[in-house]
Amino acid sequence: MAGTTSGRDSPARQHDGVSVPATADGPVPHVPIGLVTPDGQHLQVRLFERQQIELDSGCRVWRYKIAAPMWQAAADGGVEAVGFTTWVTADVLRPYRCVAYNTIPSHRVPTLPPEPETWGWVLRPVLGQRGRAVVHESNCRHAERAGAELQTEEALNALMLSGVDACHDCDAAAVLIPALQLGEGHG
Ligand SMILES: [Zn+2]
């Protein structure tokens, strides 16, 4: 396991030592993201992909695949870094500024022709209301043809302007508002 030794010497950097899944093409792409644990701690974890699923009710929701850092006892008597992988929803994730989340694979329930999608944001002016705009997920039904895709940092900056709100029909409000409240101390 790469990074095991340095991780042991420097617990604060232990997430650096977590091994990530690999395919024949190399390591699986991932980006850092904040996670709020059930007891309120904030961890940095790895985000691998997001997937839309359809509930029994017919409602469609997004799930996010993450790996949290953990140790496990190794055969040589020491410890080695491992990634505990699980799926979570957006309301426990806290995106960091300056991280390009649109590099993460995104899989929507196929109704239309399946095509790779990304997790990005767009700013759409409110028609007839000068100075007002709404940030949407780029896949939001309200965001069609709204303009250029924003990185997370750009979306957060836009939300700090008066007159700009986050959409509640997509993940924009659930993901970006908590990240905004977290301030600039992360990422
Ligand atoms: Zn929206």
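**Notebook: confidence, zinc site, core**

I started at the shaky end: pLDDT (the predictor's confidence in each residue, from 0 to 100) stays under 50 over residues 1-18. That stretch still has 25 contacts (heavy atoms within 4.5 Å) beyond four places in sequence. Over residues 112-116 the pLDDT is also below 50, and there I found zero contacts beyond near neighbours in sequence.

Note to self: this is a predicted model, where local features need pLDDT of at least 70 and side-chain atom pairs count only at pLDDT 80 or more, while totals for chains, interfaces and linings use all residues. Residues are numbered from 1 along each chain as its sequence is written, and side-chain values use heavy atoms, leaving out hydrogens and water.

Next I looked up the zinc ion. Which residues hold its protein donors? They are His136 (ND1), Cys140 (SG), Cys167 (SG) and Cys170 (SG), 2.3 to 2.4 Å away (donors are N, O and S atoms within 2.8 Å of the metal, or 3.2 Å for Na, K and Ca). The angles run from 93 to 130 degrees, and the site is tetrahedral (four donors, all angles between 85 and 135 degrees). I also noted that His136 and Cys167 are both buried (under 20% relative accessible area, 1.4 Å probe, protein chains only).

Last, the largest nonpolar core: I read off 38 residues (buried Ala, Val, Leu, Ile, Met, Phe, Trp, Tyr and Cys, joined through side-chain atoms within 4.5 Å). Leu176 is among those with the most contacts inside it. Not counting residues up to four places away in sequence, Leu176 touches Trp121, Val135 and Leu156, among others.

Conventions: Buried means under 20% relative accessible area, exposed over 50%, partly exposed in between (1.4 Å probe, protein chains only). Four donors count as tetrahedral if all angles lie between 85 and 135 degrees; four count as square planar and six as octahedral if opposite donors are over 155 degrees apart and all others between 65 and 115; anything else is irregular.
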